[in-house]
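Please open the model in your viewer and keep the sequence panel beside it, since the tour moves from one selection to the next.

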Amino acid sequence: MDQNNVNVDVNDLIKRRLEELEKLSEQNFETYAYEYDVDSFSSIIKSNYAELEGQDVKIAGRIMAIRRMGKASFAHIQDKHGRIQIYLKRDDIGDSYNAFKLLDIGDIIGITGYVFKTKTGEISVHARELKLLAKSIRPIPIAKEVVDENGNRTVYDQFADRELRYRQRYVDLIVNPDIKEVFKKRSAIVSHIRKFLDENEFIEVETPVLQPLYGGAAARPFITHHNTLDMRLYLRIADELYLKRLIVGGFDRVYEISKDFRNEGIDKTHNPEFTMLELYVAYKDYNWMMEFVEQMVGNVCKEVFGKMEFEVEGKKIDFTGPWKRVSMVNEIQKHTGINVISSSKEALQKELKERGIELNGGESKGKMIDQLFEATIQPGLIQPTFVMDYPVELSPLAKKHRSKEGLVERFEGFILGREICNAFSELNDPIDQRQRFESQARMGEEGDEEAHLIDEDYIKAMEYGMPPTAGLGVGIDRLVMLLTNQPSIRDVILFPHMRPDKG
């Protein structure tokens, strides 16, 4: 279809609707109302027809279909629960019927009328009063459905272009109302996580979004500037270091559900702005945290969805605990024959190049181990799995393993090849922490853009004494993707980041 012709058609429709708006104003018909006292909804009317038949109701919604027949007309309006038919008759609504002739699909109206069934048995509202609440200037893309003599349905003009749907989510929600169910489920998931944590004696807190130093993860930050203080600030990449300061201060169980920001690529599991749950528990370790994750995710599955088994991208995923537990180092050695602890940096570089994994020359040994894991192990982690005991180079904030040299007590949870959570027995030795930060600083000097900065204030806090602590981060967007069977992170974020529109 010629895009220029589409634009001309849309412009013509907008011009016509503006003319209709002017005519409505000339008839002293209000076009943008201040309020409307709705007392019922489509689903309530349909499910309680026996009690409501003949009763007056006040409903409001967007016109999604119109069938005009001279002195009477039918229309379907869409409210937050679905659609319902309305019947309008000139003899019943008087001059408002003339105004109705100037209304279009997309206009938002209020109807007062009584509940009845048409001759075809469709539950409807017979209008006694019509009020225009908002005139739609821009036409919405309504799909057209044609049924042939064999009952085969063909749908035309669907608002199906995924990129356009992400850019114009407001239109997507109008014409694809089922999309709302994903975001209702997202809201319920977050609510039940919050409820579960509150019931387990966690305290919800808020930590700074603008930070003088970024930290708590391996990622590049977004940078901004505070004019009055004349200082550089960073949008947080994680909440970790501030939440652990609260553990030092005596809060034994804290959590935050917040927006984090990472200046990195965009793909089906990454968005520069994303939602993270972080929580910290004093006097616990990563073994305790694994069981806690199983309980928390299981609680969400049961409370929100009423089941523990889900079909995701054609695969059945069972969230029932206990989840499988494997060693990162052992899994890599099993699949590649490489002992990443004893291998030199040069040997890892050679292995990665032979596997076609691109290197820029500035990678640390830990970064290369991570790349090898992502290429050889991660895609095969389909059922819920905890990958445990990472090399120390990968985890500057995790406590050294109590019995395995060169490793830290860390796990990540993977489902369908995606990381959904990350947890440590937290490092609480300030001397070891300083050495780790200094090692990260050297990695940064060698070209690792994701190396951790030295945070002197955080070390100072640790020097006052931090109890043994278990910490956890959960990617809310990725968890929602899995539980609602959505293929892209953009499908679970209402307004995802997009490239600039060429138009």
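A polar contact, as the term is used here, is a pair of N or O atoms within 3.5 Å, where, within protein, one atom must be able to donate a hydrogen and the other to accept it. Keep in mind throughout that this is a predicted model.

**The whole chain**

Begin with everything displayed as a cartoon, in which the secondary structure comes to 16 helices and 20 strands. Along the principal axes, the C-alpha atoms fill a box of roughly 85 × 60 × 50 Å. If you colour by accessibility, 48% of the 503 residues count as buried. A surface representation would show about 25400 Å² exposed, of which carbon and sulfur atoms supply 48%. Among contacts with a separation of 6 or more, residues 24 or more positions apart account for 65%.

**Ser-327 and the end of strand E16**

Select Ser-327, which belongs to strand E16, spanning residues 324-327. Its relative accessible area is 14%, and because buried means under 20%, Ser-327 is classed as buried. Show side chains here and look towards Asn-330, whose backbone nitrogen is reached by the side chain of Ser-327 at 3.2 Å.

**The hairpin of E14 and E15**

Move next to residues 309-312, strand E14, and residues 315-318, strand E15, which run antiparallel and are joined by 4 bridges. Within this pairing, Phe-310 stands opposite Ile-317 of E15. The hairpin has 2 residues between the strands, and at Glu-313 the backbone takes a positive phi near 50 degrees.

**Glu-426 in its loop**

Now select Glu-426, in the loop that connects strand E19 (418-425) with helix H14 (430-445). Is Glu-426 buried or exposed? Its relative accessibility is 2%, so Glu-426 counts as buried. Leaving aside residues up to four places away in sequence, display its contact partners: Glu-426 touches Glu-240, Lys-244, Tyr-280, Leu-397, Lys-399, Met-466, Thr-469, Ala-470 and Gly-471.

**After helix H16**

Turn then to the segment after H16, where Ser-488 is found. With a relative accessibility of 11%, Ser-488 counts as buried. Which residues does Ser-488 touch, not counting those up to four places away in sequence? They are Tyr-166, Lys-268 and Met-481. The side chain of Ser-488 also reaches the backbone nitrogen of Arg-490, at 3.1 Å. If you draw a distance from Ser-488 to His-270, you should find their C-alpha atoms separated by 8.8 Å, although the two residues are 218 residues apart along the chain.

Continue to Leu-494, which is likewise placed in the segment after helix H16 (476-484). Leu-494 has a relative accessible area of 35% and is partly exposed. Select Tyr-170 and Phe-495 together with Leu-494, and you have the residues that make a nonpolar surface patch of about 340 Å².

**Helix H8 and a long distance**

For the final stop, select Glu-181 in helix H8, which covers residues 179-199. Glu-181 counts as partly exposed, at 40% relative accessibility. Add Arg-325 to the selection and draw the distance from C-alpha to C-alpha: Glu-181 and Arg-325 are 33 Å apart in space and 144 residues apart in sequence.

Note on methods
Residues are numbered from 1 along each chain as its sequence is written. This is a predicted model: local features need pLDDT of at least 70, side-chain atom pairs count only at pLDDT 80 or more; totals for chains, interfaces and linings use all residues. Side-chain values use heavy atoms; hydrogens and water are left out. Patches are made of residues with over 30% relative accessible area and no salt bridge: like charges are joined within 9 Å, nonpolar side chains (Val, Leu, Ile, Met, Phe, Trp, Tyr) within 5 Å. Accessible areas come from the Shrake-Rupley method with a 1.4 Å probe; for residues, only the protein chains shown count as cover. A salt bridge is a side-chain nitrogen of Lys or Arg within 4 Å of a carboxyl oxygen of Asp or Glu. Buried means under 20% relative accessible area, exposed over 50%, partly exposed in between (1.4 Å probe, protein chains only). Contact means heavy atoms within 4.5 Å. Two strands pair if DSSP finds at least two bridges between them.
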